[in-house]
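I opened the model to look up how the two copies are arranged and how some helices and loops sit. The sequence and structure come first.

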Number of protein chains: 2
Amino acid sequence: MTEKVVINEVGPRDGLQNQARVLSPEQRLQLIEALIAAGLPAIEVGSFVSPRAVPAMADTDRVIAGLPRNGVYYSALVPNRKGYELARASGIKAIGSVIATSNTFNEKNIRMSSAQALAVVLDLIADSKRDGIDALVYLSTAWECPYEGRIEARAVIDLAAQVFAAGATEVVIADTIGAADPAATAALMKMLVDEFGAARLTCHFHDTRGMALANVYAALECGIAKFDASIGGLGGCPFAPGASGNVITEDLVFMFESMGVKTGIDFQKLMAARDLLRKAIPEEPIYGHTPEAGLPKGFRAAA
Amino acid sequence: MTEKVVINEVGPRDGLQNQARVLSPEQRLQLIEALIAAGLPAIEVGSFVSPRAVPAMADTDRVIAGLPRNGVYYSALVPNRKGYELARASGIKAIGSVIATSNTFNEKNIRMSSAQALAVVLDLIADSKRDGIDALVYLSTAWECPYEGRIEARAVIDLAAQVFAAGATEVVIADTIGAADPAATAALMKMLVDEFGAARLTCHFHDTRGMALANVYAALECGIAKFDASIGGLGGCPFAPGASGNVITEDLVFMFESMGVKTGIDFQKLMAARDLLRKAIPEEPIYGHTPEAGLPKGFRAAA
């Protein structure tokens with residue numbers, strides 16, 4: 001079993017972007033600082049999208065300007081060259097871009113064919129390489145598409161091969177609508193690990209059908225050691241029918257630490273970040289099984 | 001991967017016993033009939049405990065008298081000889097009895113030492129054998145005790161060996177407070193399967209910390225093919241601090257069928273049983289991720 005994993009906290013982007021309430025850059029920074037204090041080693045801090053389309057992500061450059069410099073791996077999502085230029089100007093050292101494995105999803109979500117979407121992503125990778133910025137590429141709907149149903153593993157592998165060949169630092173395999181099961185997770189991740197190695201692969205699961213932790217376990221068994229998660233299980237995708245929140249950071253940390261897999265995250269300090277989030281968006285549900293149930297008696301983090 | 005599993009529905013006992021509202025025997029039978037119509041192959045239909053202590057389980061003999069004869073594996077929980085005599089008189093063909101792996105839990109839960117509790121269980125097994133009734137034995141707090149913390153695997157194996165030696169038909173390994181993680185599940189179940197074979201072992205998980213489906217997957221990988229589950233995730237244990245509901249039947253069925261593991265259960269008819277339950281206890285939360293999210297597009301049950 002893997003001894004140590006990296007949890008990439010996506011709440012400040014993937015989580016907050018879906019909330020009705022728009023937090024100020026200062027509030028977003030406070031949340032990020034609480035997450036850093038809890039020991040999160042990687043954080044997606046915002047996105048450079050149109051502030052009219054996604055008001056919650058406006059002023060991401062101000063958030064980035066305020067980030068403490070401390071070895072935490074910060075990234076920001078970028079949809080196109082305009083966003084990329086803003087990201088570069090902000091000084092962020094890693095950008096994420098997204099392409100769906102499903103053609104229909106690309107057409108419905110971003111009004112591009114898969115070929116067009118791939119061209120955009122490949123350009124962003126080339127720009128990032130030139131500028132010394134890490135390029136993370138999200139392959140969304142990697143198992144299931146809300147329009148097309150099951151996705152062939154071959155399509156995911158081909159897409160990953162193309163973005164790796166172009167110089168992507170990391171590929172994130174995303175179950176956008178939370179329909180992957182652990183057997184499907186194991187099957188796809190095993191093929192991807194065989195092809196590309198585990199070190200450059202991350203998994204991104206949603207808990208839509210309650211299988212997120214099961215899928216994490218299945219991916220962990222394949223050697224995957226980096227996982228996206230969202231504090232309070234915030235998230236979902238406004239463009240993906242039936243999608244719900246990301247795997248819950250608090251529950252993920254507990255599961256890993258209980259298994260003896262180190263996350264470097266302090267559960268109690270994570271609860272402080274959770275409290276901050278709850279106060280910032282009091283009208284939204286904040287999920288989490290272990291926060292509700294409490295840690296088992298005598299629980300110790302992995303050492 | 002296992003091709004076929006048996007889900008033992010415990011909602012009519014483990015679920016309903018914890019509800020504030022007491023259903024009539026007729027209502028309990030209606031629920032059981034809806035579960036049978038959905039294809040549940042095994043159902044825990046009630047318990048023979050004091051109706052003063054657990055009013056919701058009063059008249060279990062009337063429920064049993066009304067059960068259709070159809071090959072479904074019915075069982076009822078029995079705490080002691082008095083309960084056993086009532087169970088025998090009811091005509092039920094399988095009884096369940098419980099002993100905690102943790103001594104402190106036995107003392108707090110049933111005011112017996114583990115030795116006393118074991119003596120009761122061994123007597124019940126002997127009585128059952130004599131009468132041609134199956135004896136299922138639940139080993140509760142098999143991974144974690146709310147008072148003692150982590151339980152040594154050796155203690156579970158020793159206890160299982162004693163009840164199997166006495167003639168138990170089946171041993172149910174129960175994570176009473178929902179604190180097992182998938183690595184701990186895999187470790188214990190692998191040892192138990194090596195020792196006793198998978199065919200006589202069942203797993204019983206609670207979703208207290210969100211890991212129930214992950215634990216089911218880990219146990220399935222060890223060869224376990226029978227699982228307790230509760231419709232709507234009803235359940236918990238009034239005597240176990242921090243316990244919450246059982247693994248949700250609906251989500252479990254979806255996970256298995258999605259993986260190509262046959263349950264024999266019709267998801268749409270299971271939704272009908274869920275609706276019936278919701279109407280019977282409208283004030284109680286009915287859980288379920290897949291019922292809320294819906295089945296993915298083009299989903300087909302395992303064939």
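The entries below go from the symmetry to helix packing and then to single residues.

**Conventions.** I am working with a predicted model, in which local features need pLDDT of at least 70, side-chain atom pairs count only at pLDDT 80 or more, and totals for chains, interfaces and linings use all residues. Residues are numbered from 1 along each chain as its sequence is written, while chains are lettered from A and ligands numbered from 1 in the order in which they are written.

**Symmetry.** Two copies of a chain are related by a rotation about an axis and a shift along it. I looked up both parts: a turn of 180° with a shift of 0.0 Å along the axis lays chain A on chain B with an RMSD of 0.0 Å. That is the relation of a two-fold axis. The superposition is by least squares on the C-alpha atoms of residues with pLDDT of at least 70 in both copies. Which residue of chain A comes closest to the rotation axis? I found A:A214, with its C-alpha at 1.8 Å. The same surface serves both copies, since 100% of the contact residues of chain A recur in chain B. For contact I use C-beta atoms, placed from the backbone, within 7 Å of each other.

**α9 against α9.** I take helices (H or I, at least four residues) and strands (E, at least two) as DSSP runs, numbered from the N terminus. Helix α9 covers residues 212-221 in chain A and in chain B, and the two axes come within 6 Å and cross at roughly 40°. Axes here are lines fitted to C-alpha atoms, for helices over the stretch in contact, and angles run from 0 to 180 degrees between N-to-C directions. α9(A) and α9(B) are therefore oblique to each other; angles under 35 degrees count as roughly parallel, over 145 as roughly antiparallel, 65 to 115 as roughly perpendicular and the rest as oblique. I noted the crossing as right-handed, that is, the near helix is turned clockwise from the far one by less than a right angle. From α9(A), A:L213, A:A214, A:Y217 and A:A218 meet B:L213, B:A214, B:Y217 and B:A218 of α9(B). An α-helix has 3.6 residues a turn, so residues three or four places apart point the same way.

**α8 against α9 in chain A.** The axes of α8(A), residues 182-196, and α9(A) come within 8 Å and cross at roughly 30°. I therefore list α8(A) and α9(A) as roughly parallel. Their crossing is right-handed. A:A214 turns up again here, among the α9(A) residues met by A:P182, A:T185, A:A186 and A:M189 of α8(A).

**α10 against α11 in chain B.** I read an angle of about 175° between α10(B), residues 249-258, and α11(B), with the axes 10 Å apart. That makes α10(B) roughly antiparallel to α11(B). B:T249, B:E250, B:V253 and B:F254 of α10(B) meet B:F267, B:L270 and B:R274 of α11(B).

**α2 in chain B.** This helix, residues 25-38, has 14 residues and spans 20 Å from first C-alpha to last, close to the 20 Å expected at 1.5 Å a residue. The expected span is 1.5 Å times one less than the number of residues. Its buried residues include B:L29, B:I32 and B:I36; buried is 20 or more other C-beta atoms within 10 Å, exposed is 12 or fewer, and partly exposed is in between. Their cover includes β1, α1, β2, α3 and α11 of chain B. After α2(B) comes B:G39, with a positive phi near 105°.

**B:G210.** I placed B:G210 in the loop between β9 and α9 of chain B. Is B:G210 buried or exposed? It counts as buried, with 28 C-beta neighbours inside 10 Å. Leaving aside neighbours within four places in sequence, B:G210 is in contact with A:L213, A:I248, A:D251, A:H289 and A:T290.

**A:T141.** This residue lies in the loop between β5 and β6 of chain A and counts as buried, with 28 C-beta neighbours inside 10 Å. I checked A:S102, 39 residues away along the chain, and its C-alpha is 6.5 Å from that of A:T141.

**A:R111.** I looked up A:R111 in the loop between α5 and α6 of chain A. A:R111 has a positive phi of about 55° although it is not a glycine. Most residues other than glycine have a negative phi. A:R111 is exposed, with 9 other C-beta atoms within 10 Å.

Methods
Contact = placed C-beta atoms within 7 Å.
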